[in-house]
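Reader: Hello! I am new to this structure and would love a close look at one single part of it. Could you pick a spot and walk me through it?

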Amino acid sequence: MAVEVTWWGHATCTVEDSGVRVLTDPLFVGRLAHLRRRRGQLPPAEAAVADAVVVSHLHSDHLHLPSLARLAPGTRLIVPRGAPRAVPGLRRLRGLRIVEVAPGDEVAVADLRVRAVPAAHDGRRLPVGPHRSPALGFVIHGAARTYFAGDTGLFDGMAAAVGPVDVALLPVGGWGPFLGHGHLDPDRAARALAALAPRSAVPVHYGTYWPIGMDAVRPHEFHSPGDEFVRRAARLVPEVAVHRLGHGESVRPEVSR
């Protein structure tokens, strides 16, 4: 059965595998604090339809309570361990089945397994949250093994921690003119791709949100990461098929060698 990946913008994707829909880090708003959505229409209502949702870490552009409130009752919400304590608003989301996980934990979702893996990123609820919840990536095991990296930098043992994957959804940028610690830019994302060696990849986490009033500050950091990742990946790992999607576009990536 084919696996389909839809990129809705930022780190929000739908992975449909074996008839099961997994949504990543849902963010469905035109503005978040000082950020505004500069590219792509807001995701349609069907973007919030999912059997399970994974949240990689507690930053508000990844764990966004109003977006999570659009999920249907009964949706399974997989979050880093300690998230409900750090973000009390999670407990007020009625009807969601919250599951807390740490690296190595697995959750069964119908015919899929969702496995939490480490990420090198600040997992706190900023600006003042304590270091209690890990930042995570997830590997969705079904007809394919699809890795959603969340936010992460390169780290020693990354490929071993993630394990074999067929499709990698890798962050290649951010939402501001400078990337802080614990992120992948196009070069580091290409090096991560070489280490992971999937069959296919989709760049995410770029070209969607940008600080208000800063359109002219290092604009290439908004516009170019996707194309730059495609170029660098082609030079470093030409055997990997890289699919640079537009907002709302889908792909059925190759998953067998």
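**A close look at Gly-137**

Author: Happy to! Let us begin with Gly-137, which sits in strand β11, the stretch covering residues 136-141. Please keep in mind that this is a predicted model.

Is Gly-137 buried or exposed? With a relative accessible area of 0%, Gly-137 is buried. The cut-off for buried is under 20% relative accessible area, so a value of 0% falls within it.

Now for the company it keeps. Leaving aside residues up to four places away in sequence, Gly-137 touches Arg-115, Ala-116, Val-117, Pro-118 and Ala-119, and also Tyr-147, Phe-148 and Ala-149. Take Ala-149 from that list: Gly-137 and Ala-149 are 12 residues apart along the chain, and 4.4 Å separates their C-alpha atoms.

With that spot in mind, we can step back to the chain around it. Strand β11 belongs to a protein chain whose secondary structure comes to six helices and 17 strands. The radius of gyration of this chain is 17 Å, close to the 18 Å that the globule rule gives for 257 residues, so the chain is as compact as a globular protein of that length. Along the principal axes, the C-alpha atoms fill a box of roughly 50 × 45 × 35 Å.

Gly-137 is buried, and 54% of the 257 residues of the chain count as buried too. As for contacts, take those in the chain with a separation of 6 or more: 65% of them join residues 24 or more positions apart.

You may enjoy the aromatic rings as well, since the structure holds two aromatic pairs. Trp-7 and Tyr-206 are stacked, at 5.3 Å centre to centre with 10° between the planes. This pair links distant parts of the chain: Trp-7 is in strand β1, Tyr-206 is in the loop between β14 and β15, and their positions lie 199 residues apart in the count. Both Trp-7 and Tyr-206 are buried.

Trp-210 and Phe-222 have ring centres 5.6 Å apart and planes at 75°, so this pair is edge-to-face. Because Trp-210 lies in strand β15 and Phe-222 in helix α5, the pair ties together parts 12 residues apart in sequence. Trp-210 counts as buried at 0% relative accessibility, and Phe-222 counts as buried at 1%.

Definitions and conventions: Residues numbered from 1 in each chain as written. Predicted model: local features only at pLDDT ≥ 70, side-chain atom pairs only at ≥ 80, totals over all residues. Heavy atoms only, no water. Helix = DSSP H or I, 4+ residues; strand = E, 2+ residues; numbered from the N terminus. Rg over C-alpha atoms; globule rule 2.2 N^0.38 Å. Buried < 20%, exposed > 50% of the residue type's maximum accessible area, 1.4 Å probe, protein only. Contact = heavy atoms within 4.5 Å. Phe/Tyr/Trp six-rings, centres within 6.5 Å; stacked < 30°, edge-to-face > 60°.
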